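Dear colleague,

Please find below the structure that I am handing over to you, together with its sequence. I would be grateful if you could read the notes that follow alongside it.

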Amino acid sequence: MDPHSNEVAHDFPPFFRVYKDGRVDRLLGTETLPPTTDPLTGVHSKDITISPETGLSARLYLPNTTSARKLPLLIYIHGGAFCVETPFSPLYHNYVSSVAAEANVVAVSIHYRRAPEHPLPIAYDDTLTAIQWAAAHSKGDGPEAWLNNHADFERVFLAGDSAGANIAHSMARRAGVDERLLGFKILGMVIVHPFFGNGEPGKLMKYIYPTMSGPDDPSFYPAPDPKLRSLGCSRVLVVVAEKDALRDRGWNYYESLRKSGWGGVVDIVETKGEDHVFHLFNPKCEKALTLLKQVAAFFNQD
């Protein structure tokens, strides 16, 4: 055995470490759950491969419904600092399943390639590819029956938390710049505890996004972005938590979007006394259940 194989080249607790031989150890978010039918809600889930070449995949969720009416389509983008967690982890599987049940939506939870093996902007590119794959079902003749038969492509929503909220914003921005890019019109977007920049990128971001252009990068610094006013959806809900270190960044996004000249409606919800993504770690607490109902109501506005 190479005596140097366990020498650490880069260490980013609590997320990952990289060894000198190139191995990556993720320090959290590695547990997975298989797709299933939830015994309490009846929500079905299954995994699909979008690109065998890259490994891009997704977990789909279909609520237990007998209605012939098609359901809103939710594109969900998980958080985890762009480098940990997946749609298959207990945190995200259980959360997206609960949203599908509460809001009665069909959901596509995207498994984008993660840093550090796949530095940003690969996660953005993978998410765009996955959204375009979903859009290929808009005429009812795509490869996935659940989307063909049950998804209403006139009611499409983006949502994500933390790093996933960042990616969701980037997708809505791209849709506003070129409405044909995603393949369908986005009705609304929910960003929960969004991760944006607030100064010079830190050590982690410099490592996982080496080509970032700095404080003029619109994905991380939306406030000064002149194209913010062209955000490609008509409704936005920003969710922040009082004790979250990212709280002020969410408020700044809300205020910047409200003042940008964008023609849509933006609202903000702040959860008092809670920290970052508390609703994932304690989903049965009263405040998490309240937030779940608020998010579901957003997806079901007329």
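The notes below go from the chain as a whole to its cores, a small sheet and one loop residue.

Please bear in mind that this is a predicted model. The chain contains eight helices and 11 strands. Its radius of gyration is 19 Å, close to the 19 Å that the globule rule gives for 302 residues, so the chain is as compact as a globular protein of that length. The C-alpha trace spans about 65 × 45 × 40 Å along its principal axes. Of the 302 residues, 54% are buried. Among contacts with a separation of 6 or more, 70% join residues 24 or more positions apart. The accessible surface amounts to about 13500 Å², and carbon and sulfur atoms account for 51% of it.

Turning to the interior, in soluble globular proteins nonpolar side chains tend to be buried together. Here the largest nonpolar core comprises 71 residues, and F82, M189, F220, V236 and Y253 have the most contacts inside it. The greatest contribution to this core comes from helix α2 (residues 122-135), which supplies eight residues. A second, separate core holds 31 residues, including L91, V277, L291 and F298. With residues up to four places away in sequence left out, M189 touches L158, A168, H169, A172, L231, C233, R235, V236, L237, Y253 and F298. Two of the residues named for the largest core, V236 and Y253, are thus among the contacts of M189, as is F298 of the second core.

As to the sheet, three strands form an open arrangement in the order β1-β2-β3, with antiparallel pairing. β1 (8-12) and β3 (24-26) are at the edges and have a single partner strand each, so one side of each is left without a neighbour in the sheet. From one strand to the next, the twist averages 10°. Four bridges link β1 to strand β2 (residues 16-19) in the antiparallel sense; V8 has Y19 in β2 as its bridge partner.

One loop residue may also interest you. S230 is located in the loop between α5 (203-208) and β10 (235-241). Its relative accessible area is 34%, which makes S230 partly exposed, as this value falls between the 20% limit for buried and the 50% limit for exposed. Apart from neighbours within four places in sequence, S230 contacts G176 and V177. The C-alpha atoms of S230 and D178 are 9.7 Å apart, although 52 residues separate the two along the chain.

With kind regards

Notes
Residues numbered from 1 in each chain as written. Predicted model: local features only at pLDDT ≥ 70, side-chain atom pairs only at ≥ 80, totals over all residues. Heavy atoms only, no water. Core = buried A, V, L, I, M, F, W, Y, C linked by side-chain atoms within 4.5 Å. Buried < 20%, exposed > 50% of the residue type's maximum accessible area, 1.4 Å probe, protein only. Helix = DSSP H or I, 4+ residues; strand = E, 2+ residues; numbered from the N terminus. Contact = heavy atoms within 4.5 Å. Pairing = 2+ DSSP bridges. Axes fitted to C-alpha atoms, helices over the stretch in contact; angles between N-to-C directions. Rg over C-alpha atoms; globule rule 2.2 N^0.38 Å. Areas by Shrake-Rupley, 256 points an atom, 1.4 Å probe, with all protein chains shown as cover.
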